[in-house]
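Q: I would like to learn how to read a structural model with some care. Could you take me through its features one at a time?

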Amino acid sequence: MKSKPKRVATRKILDTLARMYPDAHCELIFRNPFELLIATILSAQSTDRQVNKVTKELFRKYPTPEAFLTLSEEDLAAEIRGLGLFRNKSKNILKTCRILVEQYGGEVPKDRKALEALPGVGRKTANVVLSNAFGLPALAVDTHVQRVANRLAMADSENPLETERQLMKRVPREEWSITHHRLIWHGRRICSARSPKCVVCDLLPYCWYGKSRLEGSALTKSADSR
């Protein structure tokens with residue numbers, strides 16, 4: 001596969017993504033910052049659809065950090081058993097809820113350092129909460145964003161933090177949050193990890209990976225036909 005180009009048509013990529021996904025948004029269902037925080041913690045190694053199924057009943061029964069603290073780790077683990085890493089998530093969520101109650105009056109802090117200090121909360125989760133719950137510019141890098149950004153040559157790193165930094169340099173600040181959603185939607189709908197639909201992708205004219213992949217496939221077919 002060819003090396004990544006130094007010049008990337010970032011503006012054309014962003015505009016094309018905007019046309020492809022005009023309704024892109026966070027697919028986790030939440031009503032407030034606390035619900036989004038818990039849903040995002042639960043989303044690790046689980047799909048948004050799985051999380052939404054679990055949280056529909058979970059948030060009805062336990063709508064606040066104080067309500068969660070009536071549960072034991074075993075009780076909460078039973079409530080979220082359908083999700084990956086449910087025992088570890090149960091432990092972290094209850095620790096986080098106790099900190100929210102004891103240090104923040106039951107409210108989710110609107111501060112990156114405070115969020116990242118919560119058990120089970122890393123930079124990606126903090127970015128999701130800051131962006132979607134508080135409307136602050138942030139560009140969370142999950143597996144979809146990591147994959148798509150690198151395939152489009154908007155980033156050149158296997159490290160999510162470095163990918164985030166590179167994207168923040170290329171993407172205008174006011175577009176960070178919506179670009180995050182559009183890259184995720186693209187990764188879920190077209191640019192999948194194993195079988196990306198490059199031939200039907202509107203981004204193909206600007207995509208380093210797609211063009212290299214199709215050229216390689218064409219060369220292979222040509223060699224096989226000899």
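**Reading the model**

A: Over residues 42-189 the chain is 65% helix and 0% strand, and the C-alpha atoms at the two ends of this stretch are 22 Å apart; helices (H or I, at least four residues) and strands (E, at least two) are DSSP runs, numbered from the N terminus. UniProt, in an unreviewed entry, lists residues 42-189 as "domain: HhH-GPD"; its positions are given here in the numbering of this model, its feature names are shortened, and its annotations may be inferred rather than shown by experiment. This is a predicted model, in which local features need pLDDT of at least 70 and side-chain atom pairs count only at pLDDT 80 or more, while totals for chains, interfaces and linings use all residues. Residues are numbered from 1 along each chain as its sequence is written, and side-chain values use heavy atoms, with hydrogens and water left out.

Q: Which residues does UniProt list for "binding site"?

A: The unreviewed entry lists Cys 191, Cys 198, Cys 201 and Cys 207. Although these are spread over 17 residues of sequence, they cluster in space, with a largest C-alpha distance of 10.9 Å. Cys 191, Cys 198, Cys 201 and Cys 207 also belong to the lining of the largest cavity.

Q: How is empty space found, and what volume does the largest cavity have?

A: Rolling a probe the size of a water molecule over the atoms shows where empty space is left. On a 1 Å grid over the protein atoms alone, a cavity is a set of points where a 1.4 Å probe fits but cannot get out, whereas a pocket is an open set with protein on both sides within 12 Å along at least five of seven lines, and lining residues have an atom within 4 Å of a point. Grid points are joined across faces, edges and corners, and a volume is the space filled by probe spheres set on the points. By this rule there is one cavity of 30 Å³ or more, and the largest cavity has a volume of about 80 Å³. Of the 13 residues that line it, the closest to its centre are His 186, Cys 191, Cys 198, Cys 201 and Cys 207.

Q: Is Cys 198 buried or exposed?

A: Buried means under 20% relative accessible area, exposed over 50%, and partly exposed in between (1.4 Å probe, protein chains only). Cys 198 counts as buried because its relative accessibility is 8%, and Cys 207 is likewise buried, with a relative accessible area of 8%. Cys 198 lies in the loop between α11 and α12, as does Cys 207.

Q: Which residues does Leu 203 touch?

A: Contact means heavy atoms within 4.5 Å. Not counting residues up to four places away in sequence, Leu 203 touches Ile 13, Thr 16, Leu 17, Met 20, Leu 152 and His 186, while Cys 207 touches Arg 151 and Leu 152. Leu 203 sits in the loop between α11 (176-189) and α12 (208-224) and counts as buried, because its relative accessibility is 0%.

Q: Which helix gives the largest share of the lining of the largest pocket?

A: The largest share, six residues, comes from α11. The largest pocket has a volume of about 690 Å³, and of its 29 lining residues the closest to its centre are Asp 48, Lys 124, Asp 142, His 144 and Arg 188.
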